[in-house]
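Colleague: I have not looked at this one before. Can you walk me through it?
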Protein chains: 2
Amino acid sequence: MGRVEQRERTRAELLAVSRRLFATRGYAAVGLAEIVREAGVTKGALYHHFEGGKTDLFRAVLAQVQDEVGRTVATTAGAETDPWDRLLAGCRAFLTASTDHAVRRIMLLDGPAVLGWSEWRAMDEGGSARHLADALTTLVEAGVVVPQPVAPLARLLSGAMNEAALWLAESGDPADLDAVLTALFRMLAAMRA
Amino acid sequence: MGRVEQRERTRAELLAVSRRLFATRGYAAVGLAEIVREAGVTKGALYHHFEGGKTDLFRAVLAQVQDEVGRTVATTAGAETDPWDRLLAGCRAFLTASTDHAVRRIMLLDGPAVLGWSEWRAMDEGGSARHLADALTTLVEAGVVVPQPVAPLARLLSGAMNEAALWLAESGDPADLDAVLTALFRMLAAMRA
DNA sequence: GTAGTTCACATACCAACGGTATGTCAACGG
DNA sequence: CCGTTGACATACCGTTGGTATGTGAACTAC
């Protein structure tokens, strides 16, 4: 086994194990000892791959989760042709995707607290949040939504959906998803010109 | 000095010190040693007052902060007579109050991650979130707002304002507060019957 | 082919952390 | 005045994230 292959394999295993543990028990409750034990390596390997230690490892896991959510939202929204329908489909996709344990715990709960809000937000902009801002910009430019600055609107909607996702993940009742979507779509519909 | 007085004084000092430290550097970055040193006591005193240790101490601090924010929102909103104006005034009061460092860091960032979302939410319901739900309920029952379940709507708005508060605390630009309020009020106005 | 270098880790260790068990002494009640 | 309670202080422990150093296999140059 070549060195590059070995390197990739170890890094991937470290990521997979820590993601699972972080998702189930949270960042603070998981020790590096448990991570490296389940990954079959030692702390030396961990610090070789993630220079910043535990924080850096979490950062990489969060990036992975956000990337997945972003892709899911993008593909689901992309299936719609009408820009307005794209927005609604994207919101629905985000809410359903965020019910997953890993997303909830890593992306919504621990993410801001561990990395700080500004870095979390910067990473969020690279994921699903950017799709929301893009969709809103398109709608404003097309005259579908009343002209207004997109940035604060996107933040408000992003925060609303993040909180709703945390709520939905807890309740587990599928009827709640419909209730949230109804309320959300009512709010969105109000923005139409 | 009597025992009850001494007890109150020590507890208050512990709360004040930890609140300041938690607010400036965050829950994880503050050690118990530093807290008890600045409070002029020892760890024995801390665990005597807060059985649950560091978590319990944080819980008490969070309760204090939330109570303050709740009172501010309630009094500001209470100055308005019209129910709709009360809602708007309450939202504005919450956003301005949440720009404070302690509120931002303790209530919005560390709160959910340290205590878990469900407990954080339960405490939030005792603070400003309840006023929001109450105001919405009143408006729905009065027919000012289109009939709909209040719970999901309150969650969406609460999440939107929490995220907006984090954004505003970071930017510091007072123009951003107006931008957020404009967007928020536009969303709220859309809910009117 | 082989000597030298690099790289991907493993090992051993450390200071600091949250937490606990026990000791102490002043305030209180009778 | 004396026994009890309560509000701490002291001493200690296991574990944690982090680091400095060692090691052997994979690659490179000649």
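**A walk through the model**

Modeller: Chain A has 10 helices and 0 strands. Keep in mind that this is a predicted model.

Colleague: What pattern does chain A follow along the sequence?

Modeller: Read in sequence order, chain A goes α-α-α-α-α-α-α-α-α-α. Its C-alpha atoms fill a box of roughly 60 × 35 × 30 Å along the principal axes.

Colleague: And how much of chain A counts as buried?

Modeller: Of its 193 residues, 40% count as buried. As for contacts in chain A between residues at least 6 apart in sequence, 68% join residues at least 24 apart.

Colleague: What does UniProt say about chain A, for instance over residues 8–68?

Modeller: An unreviewed UniProt entry annotates residues 8–68 of chain A as "domain: HTH tetR-type". In the model that span is 79% helix and 0% strand, with its end C-alpha atoms 19 Å apart. The unreviewed entry also places a "DNA-binding region" at residues 31–50 of chain A. Residues 31–50 are 75% helix and 0% strand, and their end C-alpha atoms are 15 Å apart.

Colleague: On to the DNA, then. Which residues are closest to strand D?

Modeller: The closest are A:Gly2, A:Gly31, A:Gly53, B:Gly44 and B:Ala45, out of 21 residues that surround DNA strand D. On chain A, helix 2 (32–39), helix 3 (43–49) and helix 4 (54–78) each give two or more residues to that surface, and on chain B helix 1 (3–25) and helix 3 (43–49) do so. By class, the surface near strand D has 5 nonpolar, 10 polar and 6 charged residues.

Colleague: How many residues surround strand C?

Modeller: DNA strand C is surrounded by 21 residues, and the closest are A:Thr42, A:Gly44, A:Ala45, B:Gly2 and B:Gly53. The elements giving two or more residues there are helix 1 (3–25) and helix 3 of chain A, along with helix 2 (32–39), helix 3 and helix 4 (54–78) of chain B. The surface near strand C divides into 5 nonpolar, 10 polar and 6 charged residues.

Colleague: Changing topic: how many residues does each chain put into the contact between A and B?

Modeller: Chain B gives 27 residues and chain A gives 27 residues. On the chain B side, helix 6 (101–115), helix 7 (117–125), helix 9 (150–171) and helix 10 (174–189) each supply at least two residues.

Colleague: Which helix has the largest share of that side?

Modeller: Helix 9 of chain B, with 13 residues. The side of chain B that touches chain A divides into 18 nonpolar, 5 polar and 4 charged residues.

Colleague: What about helix 9 in chain A, is it mostly covered or mostly open?

Modeller: Mostly covered, since 18 of its 22 residues are buried. Its 22 residues, 150–171, should span 32 Å at 1.5 Å a residue, and the end C-alpha atoms are 31 Å apart, which agrees. Helix 9 of chain A is followed by A:Gly172, whose phi is positive, near 80 degrees.

Colleague: Which residues have the most contacts inside the largest nonpolar core?

Modeller: A:Leu95, A:Leu156, A:Ala164, B:Leu95, B:Leu156, B:Ala164 and B:Val180, in a core of 116 residues. Leaving out residues up to four places away in sequence, B:Ala164 touches A:Arg155, A:Leu156, A:Gly159, B:Leu95 and B:Val180.

Colleague: I also clicked on A:Leu184. Where is it found?

Modeller: A:Leu184 is in helix 10 of chain A, residues 174–189. Not counting residues up to four places away in sequence, A:Leu184 touches A:Cys91, A:Ala160 and B:Leu156.

Colleague: Why does A:Leu184 count as buried?

Modeller: Because A:Leu184 has 21 C-beta neighbours inside 10 Å, and the cut-off for buried is 20 or more. A:Leu184 and A:Arg19 are 165 residues apart in sequence, and their C-alpha atoms are 30 Å apart in space.

Colleague: One last residue, A:Leu62. Buried or exposed?

Modeller: A:Leu62 counts as buried, with 25 C-beta neighbours inside 10 Å. A:Leu62 belongs to helix 4 of chain A.

Colleague: What does A:Leu62 touch?

Modeller: A:Leu62 touches A:Ile106, A:Met107, A:Gly111 and A:Met123, not counting residues up to four places away in sequence. From A:Leu62 to A:Gly40 it is 22 residues in sequence and 22 Å in space, C-alpha to C-alpha.

Methods
Residues numbered from 1 in each chain as written. Chains lettered and ligands numbered in written order. Predicted model: local features only at pLDDT ≥ 70, side-chain atom pairs only at ≥ 80, totals over all residues. Near = placed C-beta within 6 Å. Helix = DSSP H or I, 4+ residues; strand = E, 2+ residues; numbered from the N terminus. Nonpolar A, V, L, I, M, F, W, Y, C, P; charged D, E, K, R; others polar. Core = buried A, V, L, I, M, F, W, Y, C linked by C-beta atoms within 7 Å. Buried ≥ 20, exposed ≤ 12 C-beta atoms within 10 Å, placed from the backbone. Contact = placed C-beta atoms within 7 Å. UniProt positions renumbered as here; feature names shortened; annotations may be inferred. Expected span 1.5 Å × (residues − 1).
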